[in-house]
Amino acid sequence: MTVHFPFQNSYSALPDSFFARVAPTPVAAPRLIKLNRPLAVQLGLDPDVLETPEGAEILAGKTVPAGADPIAMAYAGHQFGQFVPQLGDGRAVLLGEVIDKDGIRRDIQLKGSGPTPFSRRGDGRAALGPVLREYIVSEAMFALGIPTTRSLAAVVTGEHVIRETALPGAVLTRVASSHIRVGTFQFFAVRRDTDAIRRLADHVIARHYPELLGAERPYHALLGGVVARQADLVARWLLVGFIHGVMNTDNSSISGETIDYGPCAFMDAYNPAQVFSSIDEMGRYAYANQPRIALWNLTRLAECLLPLFGEEQEKAVADAQDILGAFSETFSDAYQAGLRKKIGLFTERDGDDALIQDLLDAMAKNQADFTLTFRKLGDAAGDPAADDARAQFMDPAAFDEWARRWHERTALEPQSAAERQAAMHAVNPIFIPRNHRIEAVIQAAVNDDNYAPFEELVKVLSKPFDDQPDYAAYADPPLPDQRVLQTFCGT
Ligand code: AMP
Ligand code: MG
């Protein structure tokens with residue numbers, strides 16, 4: 001049996017300045033530790049064949065499959081606000097693209113597959129811990145219904161990578177609807193290469209925004225499309241308590257998928273100022289700052305597109321400002337609508353926003369667990385005697401006062417208690433990838449070569465909205481001594 005990838009590559013057919021051709025660097029002793037079988041099938045790949053030793057060699061970058069056209073993509077980016085004119089894939093190689101079962105073009109990329117011309121001082125490798133973190137969190141996001149890159153496989157390389165200490169090396173196979181970022185446009189903008197910007201924009205429209213192909217002003221419409229998708233994405237992040245951690249422009253996807261899971265985390269207790277990333281000393285990428293930063297990144301994209309907006313510069317800038325101006329409303333519409341659903345409202349009335357804000361304020365003040373408060377509120381909607389939501393508050397009286405107003409408000413709607421509970425449970429997950437669980441999984445894998453905890457966590461998180469009584473403990477927040485205060489960059 002040989003592994004067949006039905007590649008149909010389009011990015012590698014773009015001009016040479018878009019990438020560097022580079023093959024993955026072979027590794028000593030690849031061992032497959034996880035294959036995402038349903039995703040393999042979705043991509044038209046045979047999971048049984050991928051699980052053979054030959055499959056593992058491909059997923060580790062030891063052999064390049066037929067039809068692949070391996071490249072490292074060029075991009076620039078603002079990192080924590082500082083512009084770097086050349087970043088690029090320093091430890092990733094795009095093998096190629098396949099058309100999935102739904103007709104969607106998907107990149108298949110190896111991350112951690114060795115140095116490229118963009119590696120600078122880096123070794124081009126990834127450590128096992130960050131690979132497992134990205135696998136777990138990206139697949140959890142998918143199960144939560146949030147646009148995201150996916151994880152097809154994780155392999156250990158049989159080699160060590162040197163970080164603070166020597167750690168097992170690993171390669172993640174990442175699948176994305178593309179790896180084109182805001183930073184990809186910036187790469188050409190800083191080089192004043194307007195032809196390349198136009199080529200890239202045309203590629204992006206055809207690939208991610210085909211509905212805009214006939215638009216009167218396609219590049220304006222493209223900016224509008226990316227603004228809308230990013231606004232919606234960030235609203236969805238906030239609604240599940242997700243903190244990306246490194247929203248640099250090079251980690252901001254043009255397709256509107258969540259990309260680059262480094263020091264990301266889901267918050268336990270609700271705290272709008274929460275930061276996890278050890279490198280985010282200023283709180284630039286704090287939970288509640290994410291909408292503002294997304295708009296900042298989109299403003300950088302708009303700057304790149306200005307040369308395509310026409311000859312008249314002032315007009316071009318005014319147009320861009322108009323389009324960017326839609327971000328706030330699109331974001332708050334999605335966010336407020338999501339919050340109304342989270343508290344079980346089927347309609348919209350005056351006073352709803354204040355009711356919701358008062359809950360969030362009380363949660364912050366009382367260190368209420370974000371996920372459990374909303375999930376258990378669903379139980380309280382079904383049965384007013386259920387008091388687990390109340391139990392999330394340090395001062396439960398703060399909840400009682402709010403709950404009285406909430407019951408008055410829901411009583412204005414005709415839906416039954418059971419209907420309301422079902423609707424709430426469908427949007428409020430019980431299981432999220434809690435940081436202390438991820439850390440425990442990583443410790444077992446790295447220290448004991450034990451992947452059973454990883455398998456179990458991935459399985460539980462694949463059904464985040466289902467009560468799974470056998471795995472109830474996975475819903476629990478960390479005990480004080482289990483709390484993870486920082487997550488570290490994935491390099
Ligand atoms: P990230 O923090 O993963 O978004 O990466 C930012 C930039 O650093 C990208 O250009 C990466 O390709 C590059 N990079 C990160 N880690 C490594 C590494 N171990 N070796 C080479 N380049 C890296
Ligand atoms: Mg990145």
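Colleague: Which residues coordinate the magnesium ion (ligand 2)?
Modeller: Keep in mind that this is a predicted model. The donor atoms sit at 1.8 to 2.2 Å from the ion. They are OD1 of one residue and OD of the other, and the residues are Asn-251 and Asp-260.

Colleague: Okay, so is Asp-260 buried or exposed?
Modeller: Asp-260 turns up twice here, since it's also listed with the closest residues around ligand 1. Its partner at the magnesium ion, Asn-251, is buried. As for Asp-260, the answer is buried.

Colleague: Where does ligand 1 lie relative to domain 1 and domain 2?
Modeller: Domain 1 spans 11-179 and domain 2 spans 183-336. Both give residues to the shell around ligand 1, so the ligand lies between them.

Colleague: Which residue has a backbone N or O atom 2.6 Å from an oxygen atom of ligand 1?
Modeller: Let's go through the backbone contacts. Gly-124 has a backbone N or O atom 2.8 Å from a nitrogen atom of the ligand, and for Arg-125 a distance of 3.3 Å to a nitrogen atom is found. The 2.6 Å contact to an oxygen atom belongs to Gly-90.

Colleague: How much of the accessible area of ligand 1 does the protein cover?
Modeller: On its own, ligand 1 has 480 Å² of accessible area. The part that the protein covers is 86%.

Colleague: How many charged residues are in the shell around ligand 1?
Modeller: In total, 18 residues surround the ligand. Two of the shell residues are nonpolar and eight are polar. The charged ones number eight.

Colleague: Last one: what is the relative accessibility of Cys-264?
Modeller: Buried means under 20%, so Cys-304 counts as buried at 4%. Cys-264 is buried too, because its value is 0%.

Key:
Residues numbered from 1 in each chain as written. Chains lettered and ligands numbered in written order. Predicted model: local features only at pLDDT ≥ 70, side-chain atom pairs only at ≥ 80, totals over all residues. Heavy atoms only, no water. Near = heavy atom within 4 Å. Polar contact = N/O pair within 3.5 Å; in protein donor to acceptor, adjacent residues only side chain to side chain. Areas by Shrake-Rupley, 256 points an atom, 1.4 Å probe, with all protein chains shown as cover. Nonpolar A, V, L, I, M, F, W, Y, C, P; charged D, E, K, R; others polar. Domains from an automatic or database assignment. Donors = N, O, S within 2.8 Å, 3.2 Å for Na, K, Ca; no water. Buried < 20%, exposed > 50% of the residue type's maximum accessible area, 1.4 Å probe, protein only.
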